[in-house]
Amino acid sequence: MIRRRQHPEATVSTRRLEAYTDGVFAIAATLLVLDLTARTFAGVRTDADLWAALVGMAQPFFTFFISFLILSLMWRAHVEQFEHISRIDTLGTWINSARLFFIVLVPFTSTINNEFTDLVLGRMLLPLNFLLAIGCSWAQWAWAMRTHDRSMPDLPLAEARAQGGGALSALIISAGVVALSPLAGSLAFLLFLVDGPLTRPVVAPARRGRGRRAGAGRRLRRVTARPNSCSRA
C-alpha cells in the first residue's frame, strides 16, 4: 500500500475546523451545568431550607460562572483568531486539537474543584487546566504568525504581533491564577479582571490603525468609482 506524503507547506481551508471547534466549545460549556443538577436537596421542606441549600451551593455556582465565562472568552478569542486565519496546515490542526483536549476537561476539573476545594491540588487543577488551554491558544496564534504568508496573508504582520501580545497577557495572567489558587481558590480567577487594562494599550492601536486603513481604502474606492467630470462633458 502506497501512502502519499503531504507537502510540508500544504494547507487546507479552516471552515470545517472552525465548525468542529465551535461544537466542542458549546458541548463543554453545556456540560458544566451537570455538576449543579447532580446535587440533591434532601431534607428540604420549607423555603428557609431551600434558601439555606442554595446558599450552601455558593462555591459550585461561582465555579460554574467562572468556568462558563472563561470558556466564552476563549471561544471569542478563537473566533477572532479565525477571522484572520484562512488556511491551516497539519501542525496548526494539532495545536487546535490540543486546545480542545483541555477544553473538554474543564467540566471534569470544575467538579474536582467543587468536591475537593479543601485540598491544594483540588484548588489548582481547574486553574492549571485553563492555563494549558490558554497556552494552546497562544501557541495557535504564534504558529499563525510564523506561517503568516500562508495562514493569514490579509493581516499585516505588525497587527498580528499586536494581537499576539493580547494572547500572551492572558497566558501570563492565567499563570498568576495558578500561583494564587492554593491560597485563594476560585477567587484567584478574579485576576482576569486586569486582562482588559493590560491588553488594551497593545491591541487597540493596531485595531485603530486597521480601521483607518480600511476607511481610507473605502474612500479611495469611492473616489475612483466616481465618474470623471471631463468624461461627462
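Of the 233 residues in the chain, 38% are buried. The model is predicted. Its secondary structure comes to 10 helices and 2 strands. Read along the sequence, these elements follow the pattern β-α-α-α-α-β-α-α-α-α-α-α. Contacts that join distant parts of the sequence were also counted. Among contacts between residues at least 6 apart in sequence, 75% join residues at least 24 apart.

Helix 4 was examined for its length and its buried residues. The helix covers residues 58-81, which makes 24 residues. At 1.5 Å a residue, helix 4 should span 34 Å. Its end C-alpha atoms are 34 Å apart, so the expected and computed spans agree. The buried residues of helix 4 are P60, T63, I66, S67, I70, L71, M74, H78 and Q81. An α-helix has 3.6 residues a turn, so residues three or four places apart point the same way. The buried residues of helix 4 pack against four other helices: helix 1, helix 2 (34-37), helix 5 and helix 6 (120-146).

The pairing of helix 4 with helix 6 was then considered. The axes of these two helices come within 11 Å and cross at roughly 5°. An angle under 35 degrees counts as roughly parallel. Helix 4 and helix 6 are therefore roughly parallel to each other. On the helix 4 side, the contact is made by T63, S67, I70, L71, M74 and Q81. These residues meet L126, F130, A133, I134, S137, Q140 and W141 in helix 6. The residues of this contact between helix 4 and helix 6 divide into 8 nonpolar, 5 polar and no charged. T63, S67, I70, L71, M74 and Q81 also appear among the buried residues of helix 4.

Helix 6 also packs with helix 8 (residues 157-184). Here the axes are 8 Å apart and the angle is about 170°. That makes helix 6 roughly antiparallel to helix 8, since an angle over 145 degrees counts as such. The contact of helix 6 with helix 8 holds 19 nonpolar, 5 polar and 2 charged residues.

A further pairing joins helix 1 (residues 15-31) and helix 5 (residues 90-115). Their axes come within 8 Å and cross at roughly 15°. That makes helix 1 roughly parallel to helix 5. The crossing of helix 1 past helix 5 is left-handed. Helix 1 contributes L17, Y20, T21, V24, F25, A28 and L31 to the contact. Facing them in helix 5 are T93, N96, L100, I103, V104 and P107. The residues of the contact of helix 1 with helix 5 divide into 10 nonpolar, 3 polar and no charged.

Three residues outside the helices were examined individually. S13 is found in strand 1 (residues 12-13). At 27% relative accessibility, S13 counts as partly exposed, because the partly exposed range lies between 20% and 50%. Leaving aside neighbours within four places in sequence, S13 is in contact with S86, R87 and I88. S13 and R87 are 74 residues apart in sequence, yet their C-alpha atoms are 4.8 Å apart in space.

R39 lies in the loop between helix 2 and helix 3 (47-55). Its relative accessibility is 24%, so R39 counts as partly exposed. Beyond its neighbours within four places in sequence, R39 is in contact with M57, P60, N114 and E115. P60 is one of the buried residues of helix 4. R39 and P60 are 21 residues apart in sequence and 9.9 Å apart in space, C-alpha to C-alpha.

D154 lies in the loop between helix 7 (148-151) and helix 8. At 76% relative accessibility, D154 counts as exposed. Along the chain, D154 and S86 are 68 residues apart. Their C-alpha atoms are separated by 9.1 Å. S86 is also one of the contacts of S13.

How values were computed: Residues numbered from 1 in each chain as written. Predicted model: local features only at pLDDT ≥ 70, side-chain atom pairs only at ≥ 80, totals over all residues. Heavy atoms only, no water. Axes fitted to C-alpha atoms, helices over the stretch in contact; angles between N-to-C directions. Parallel < 35°, antiparallel > 145°, perpendicular 65-115°, else oblique. Left-handed = near helix turned anticlockwise from the far one by under 90°. Contact = heavy atoms within 4.5 Å. Nonpolar A, V, L, I, M, F, W, Y, C, P; charged D, E, K, R; others polar. Expected span 1.5 Å × (residues − 1). Buried < 20%, exposed > 50% of the residue type's maximum accessible area, 1.4 Å probe, protein only.
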